[in-house]
Amino acid sequence: MSSSESSSSTLSSSEFTRRSFLFTLANLAALTAAGFSTAEAADAPASAPPANAGAGATPEPKPAPSGLTFGPSKPFSFKSLIARAEEMAKAPYQGPPSPVPDAIAQIDYDAAGKINFNPEDALWGKTGSVYPITFRPLGKYFKQSVAMHVVEGERAREIEYRPDYFTMPADSPLRQVPVGQSGIAGFWVQRSRRVGDWHASEPWATFQGASYFRAISRQGQVGMSARGIAVNTGMPQGEEFPDFRAFWFEPSLNEGDPVVVYALLDGPSISGAYRFELRFDGDTEMVIDAHLFIRKTIDQLGIAPLTSMFWYSETPNSHLRGWRPEVHDSDTLAVWRSDNTHLVRPLANPPALAYSAFIDTAPRGFGLLQRDRNPSHYLDGVGYEKRPSVWVEPLSIGKDKADWGSGSVTLIEIPTNDETFDNIVAFWQPKGPALAGNSYQFKYRLYWTEHEPFFPHGALAQAVALRAGPGGNFGGSRPANTVKLVIEWESPLFQQHQPKEADFSVTSSAGKVDNIVVDWVAGTPRWRTEFDLFVDVDTPVELNGVLRIQGEAVSETWLYQFHRQSFAGFMA
């Protein structure tokens, strides 16, 4: 990263305090992705035995040069962490430590803004890894404390909590955390200490709240979240939110080297051991190796879950809209199937909870994307045009290991009337329930970037907008129960062809498609495909379309779940 990149992300002290809280609040938003209240999200259960449980006498802690205090050195390896998670799944679930919950519940927006981690106490703030790690306090929405450890070869030491890690008012509720318990709820991975002033820059990766984590792309902003696991999202029995109960950190000696983080996950129905390799070069990449153990049968297990916010775009919906043209962290689900087909599905804010499953075996990848990067489409300082896209790439475990097997890329869309909480969830769902006693291993890479990786731009056009208007033709009668849908396409292929050479084939699961047109989008290099859709039922209608030239597909396969209620204003 250049010094100019570093300076572009530098914040004033007042901005940094506010941004710190917004990072934290955004993790809360992710917790409500299934439509639960903030109280339910904040109280999402998880547990793990304390890192020192069953240990012998603990010697007096010694202050580290960084200012942190460490416990005794103990053997550690990923293999032993996997074994620990497996044993936990065989035992009854135990709730997590939540020190003085009534006091911690008082740490709201104002109180949280007055609590700041002391950079002098950062892990590797002066020596060791080039990427300092700072810690986040407990608060109203993050009541469970999380154990933190530093790995030294084949051993690890726990970071022992002290209130003076944080600067805070004398009457801060965080000061009521009892001796021997922790006031730490999460951590941030900071910019390189060798480039610029990392104290005043935003972190490039954050972990806080249940199993949620986020990262930035070259645009320098966080947006949507990922998480370790999803359990029964949107299901009638209610979603379960397992927690990362403890983390272990290995140093990164040079820029570009991975920061290795191990995590122990636990919840009422599942436990797991994770290994993260975090890399940052402007964009962020994460290689994740997850070993999962089922304590109680899970009807819907979500692997590599992504969570985002979609209020509205240029496409109509039946909900309230604000003054800005568009408001969303992501606008598109993309899927790269095992047969090399690229699917694209514009996101929607549906009239009711919507569920879509894209069945496959051994998928090549999927992701939630922010394709619209035009600032004039958002018209505010929030910077939605800078939000990262996140792509999931399944990885092989080894020569003798199977791929991700059969299942589906699952998309859940939850109705919303504002941008406060996330309402979009996408994940890989293995076929069938995850039975108690079963175990799984999944390995994958997450790309936090601006655009979809691996897309064949020279061969396929991308759908970049979906607009709507009254059905029929101008100057003529408007047919009843008919809407005109217009898809905008973008591709370098269009420089070599004319729209009259192409045709657009589209099918619908109900109703009737008619009046198909392919033409230029005036004043732009884009093409548009438009068609009339007659629908007289309120049940969802699945649409499927492909752009072809001389019979050969020249676009990704466009999919859409049409809800008549969202387009009623355009229907005669």
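Two strands pair if DSSP finds at least two bridges between them. Helices (H or I, at least four residues) and strands (E, at least two) are DSSP runs, numbered from the N terminus. The model is predicted: local features need pLDDT of at least 70, side-chain atom pairs count only at pLDDT 80 or more, and totals for chains, interfaces and linings use all residues. Residues are numbered from 1 along each chain as its sequence is written, and side-chain values use heavy atoms, with hydrogens and water left out.

**Exercise 1. Describe the pairing and the burial of strand β5.**

Step 1. Strand β5 covers residues 147–152. It pairs with β13 in the parallel sense, over four bridges. Within β13, Phe247 is the bridge partner of Met148.

Step 2. With strand β6 (residues 155–160), β5 pairs in the antiparallel sense, again over four bridges. Here Val150 stands opposite Arg157 of β6.

Step 3. The hairpin of β5 and β6 has two residues between the strands, and Gly153 takes a positive phi near 70° there.

Step 4. Buried means under 20% relative accessible area, exposed over 50%, and partly exposed in between (1.4 Å probe, protein chains only). Five of the six residues of β5 are buried, so the strand is largely enclosed by the rest of the structure.

**Exercise 2. Determine how strand β26 is covered and which strands it pairs with.**

Step 1. Seven of the seven residues of β26 (residues 424–430) are buried, and the strand is mostly covered.

Step 2. Ile424, Ala426, Trp428 and Pro430 point one way from β26, while Val425, Phe427 and Gln429 point the other way; all are buried.

Step 3. Strand β25 (residues 406–413) runs antiparallel to β26 and is joined to it by seven bridges. One of the residue pairs is Val409 with its bridge partner Trp428 in β26.

Step 4. β17 also runs antiparallel to β26, with four bridges joining the two. Thr307 stands opposite Val425 in β26.

**Exercise 3. Characterise the surroundings of Ala304.**

Step 1. Ala304 lies in strand β17 (residues 301–308). Its relative accessible area is 2%, so Ala304 counts as buried.

Step 2. Contact means heavy atoms within 4.5 Å. Leaving out residues up to four places away in sequence, Ala304 touches Phe366, Val392, Trp404, Ala426, Phe427 and Tyr444.

Step 3. The C-alpha atoms of Ala304 and Leu446 are separated by 8.6 Å, although these residues are 142 residues apart along the chain.

**Exercise 4. Examine the positive phi values of Trp124 and Asn232.**

Step 1. Most residues other than glycine have a negative phi.

Step 2. Trp124 has a phi near 65°, a positive value in a residue other than glycine. Trp124 lies in the loop between β3 (116–117) and β4 (133–137), and is buried with a relative accessible area of 10%.

Step 3. Asn232, also not a glycine, has a positive phi of about 55°. It lies in the loop between β12 (230–231) and β13 (243–250), and is buried at a relative accessible area of 9%.

**Exercise 5. Summarise the protein chain as a whole.**

Step 1. The chain holds six helices and 35 strands. Of its 572 residues, 56% count as buried.

Step 2. Among contacts with a separation of 6 or more, 71% come from residues 24 or more positions apart.

Step 3. Accessible areas come from the Shrake-Rupley method with a 1.4 Å probe; for residues, only the protein chains shown count as cover. The accessible surface of the chain comes to about 22700 Å², of which 52% belongs to carbon and sulfur atoms.
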